[in-house]
Amino acid sequence: MVAVAILAAGRGTRMKSDLPKVLHPLGSRSLIDRVLNSTNAIEPSRRLVIIGYQADLVRESLANYPAEIEFVEQTEQLGTGHAIQQLIPSLQTFDDDLIVLNGDLPLMRPETLTLLLETHRSKKNAATLLAAQVPDPAGYGRVFCDENQILTEIIEDRDCTIEQKQNRRINAGAYCFRWKDLVQVLPKLTSNNDQKEYYITDAINFFDAVTVMDVPDYQEVLGINDRAQLAEAYSILQNRIRDRWMKEGVTIIDPASVTIDDTVKLEANVTIEPQTHLRGNTEIKAGSRIGPGSLIENSQIGENVTVLFSVVTGSVIHDNAQIGPYSHLRAPVEIGAGCRVGNFVELKNTTLGERTNAAHLSYLGNATIGNRVNIGAGTITVNYDGVKKYATKIGDRTKIGSNNCLVAPIVIGEDVTTAAGSTITEDLPNDCLAIARARQVVKPGWRRKDKAES
Ligand code: UD1
Ligand code: CA
C-alpha cells in the first residue's frame, strides 16, 4: 500500500518568521495540516513527516491529527534530497510506492493525487512527477520533457540559464516513487549546485523514464515560500469555497468582500451580505441572512435568522431570531426562536428563551432568561464583584424596566414588572411590581443662594 512522506523540516527563511513555514495558518488550518488532508483520499498505509526546524512545534501541532503520523528527524537541513535520505531507516522493509510532497503545497486537490498514483501504477513507473504551466515560474524548478511527457531534465531556477528560465512548466514538488528504486539512487546525490544542497530533483534526474503529469489548474501547485504567496493562496482558497457554496444555492452578494472557512456549513437559500466573515465550526440554515458587516464564529444559526452588523461567537441562535445591528454575542450564548437582540446589546454566557427581546443598550452576563421577557433599554446584569461572577435568573413574561441594574446573584420570578431606573438587589417572587429607586423630591421655588440675586 502506498505511503506518504511530507517534507516539513525547513525553516522557510523567506517567510521571515520564527514559526516554521509549515505551521503558518491558511484560513482555519496550517499548511502541513492541509497537505496531510490532501492525501487522505489515497488512503496511505503510512504517513511520514520529516521535521527539523522547530521539530517539537510541528510535532505538537499534529498531536491530535486523526491518523497516525510517523515523525522522522532531519537535524541539519541540507536540502530536499537529504530530507528524503532520512527516510531510509524507517522504510527498510517497505516495498511499495511512496508519494512525496513538499510541506508548502496546501492547495493540491485530493483528486490530483489520486490521478498521480493511478498514472504511476498504470504505467508501472519507477518515478512520476507533477508539473504545471504557471503564469509566473520565477523561483520554481523548471521541467523539460519530450512530446510523450517523458522527463528530460529538471533544473532549479537558480541553476537555469536565462533561456531555460523562459520555460513556464514547473516542478510542483509532488512525486510518486517506487521506493526500492529511489533507495538505489539516493546515495548518488551530490550538492554540486548553486545552493550547495542535496536536491530531490537530482534523484529524479537519475531515473530512466519519468512521466511528467501536467496539472491543468496551475493554482493547485502554488508553493508557499513567502507571505505574498500565502496571501495569494488564501484568495485562491476563498474563491474555491465561495464558488462551491454558490453552486449549492447560497447567495453571496459581493463575494470578494466575504470570507468563509472551509469548516463552515451552509444550507441552500442562505444569503451572505457584503463584508461578512464566517469562521470555524459555523452552520447556518436555510433562509437566514447574515450581514452586512458581521463576524460569525463557531456558531449554529437556525432558519430565517437575520444578523446585521454584529459579532457572534460560540452561540446557538434558533429560528426567526433577529440579531443587531451592533450586537455582540460572546460564547456560550443561546438565543431562543423569535428573539430580538438589538443595538449595542452584549451577551456573555447567557440564554434567552423564546420570543424574548433585549433591543437596546444592554449587558447581560451569566443570565438565564425565560420566554417572552422584555429587557428594557440600558439594563445591566451586575454579575461581577471583581473576583467572581454571579448568576441572574429571570422568569417568563417578566418586563424589566429601562436602565435597571440587576445585582447578581439574583432570581426574578415570572410575570414581574420592575420600574425604570431600579437597582434590584433582592430576589423577586412571581407576579409583582418592584420599584427600587429613590422617590423624586420637588421643592417649589427653590434657588441656589449665590445665584438668587443675579
Ligand atoms: C522545491 C523544488 C522545486 C519546485 C518547488 C515547488 C527542490 C530542490 N526544489 O523548491 O523544483 O519547483 O519546490 O514548490 O526540491 N525541506 C526539508 N528539508 C530541507 C529542505 C527543505 O524538509 O533540507 C522542505 C521544506 O520545509 C519545504 C519543502 O522541503 O516544505 C520544499 O523546500 P523549499 O525550500 O520550499 O523548496 P523550493 O525552493 O520551493
Ligand atoms: Ca517551496
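**A buried helix and an enclosed ligand**

In this predicted model, helix 1 (residues 31-38) is largely enclosed by the rest of the structure, because 7 of its 8 residues are buried. Buried here means under 20% relative accessible area. The residues of helix 1 that meet this cut-off are L31, I32, D33, R34, V35, L36 and S38.

Now to the ligand. The space that ligand 1 takes up is the largest pocket. Several elements give two or more residues each to the shell around ligand 1: strand 1 (3-8), helix 3 (80-85), strand 10 (169-178) and helix 6 (200-206). In total, 24 residues surround ligand 1, and L7, Q74, T80, E156 and N171 are the closest. Sorted by class, that shell has 11 polar, 9 nonpolar and 4 charged residues.

As for polar contacts, both backbone and side-chain atoms turn up. On the backbone side, a polar atom of L7 sits 2.8 Å from an oxygen atom of ligand 1. G10 also takes part through its backbone, with an N or O atom 2.9 Å from an oxygen atom of the ligand. Q74, by contrast, uses its side chain: one of its N or O atoms there is 2.7 Å from a nitrogen atom of ligand 1. Taken alone, ligand 1 would expose 750 Å², and the protein buries 91% of that area.

Technical notes
Residues are numbered from 1 along each chain as its sequence is written. Chains are lettered from A and ligands numbered from 1 in the order in which they are written. This is a predicted model: local features need pLDDT of at least 70, side-chain atom pairs count only at pLDDT 80 or more; totals for chains, interfaces and linings use all residues. Side-chain values use heavy atoms; hydrogens and water are left out. A residue is near a molecule or strand if one of its heavy atoms lies within 4 Å of it. A polar contact is a pair of N or O atoms within 3.5 Å; within protein, one must be able to donate a hydrogen and the other to accept it, and residues adjacent in sequence count only if both atoms are side-chain atoms. Accessible areas come from the Shrake-Rupley method with a 1.4 Å probe; for residues, only the protein chains shown count as cover. On a 1 Å grid over the protein atoms alone, a cavity is a set of points where a 1.4 Å probe fits but cannot get out, and a pocket is an open set with protein on both sides within 12 Å along at least five of seven lines; lining residues have an atom within 4 Å of a point. A molecule sits in a cavity or pocket if more than half of its atoms lie within 2 Å of its grid points. Helices (H or I, at least four residues) and strands (E, at least two) are DSSP runs, numbered from the N terminus. Ala, Val, Leu, Ile, Met, Phe, Trp, Tyr, Cys and Pro count as nonpolar, Asp, Glu, Lys and Arg as charged, and the others, Gly among them, as polar. Buried means under 20% relative accessible area, exposed over 50%, partly exposed in between (1.4 Å probe, protein chains only).
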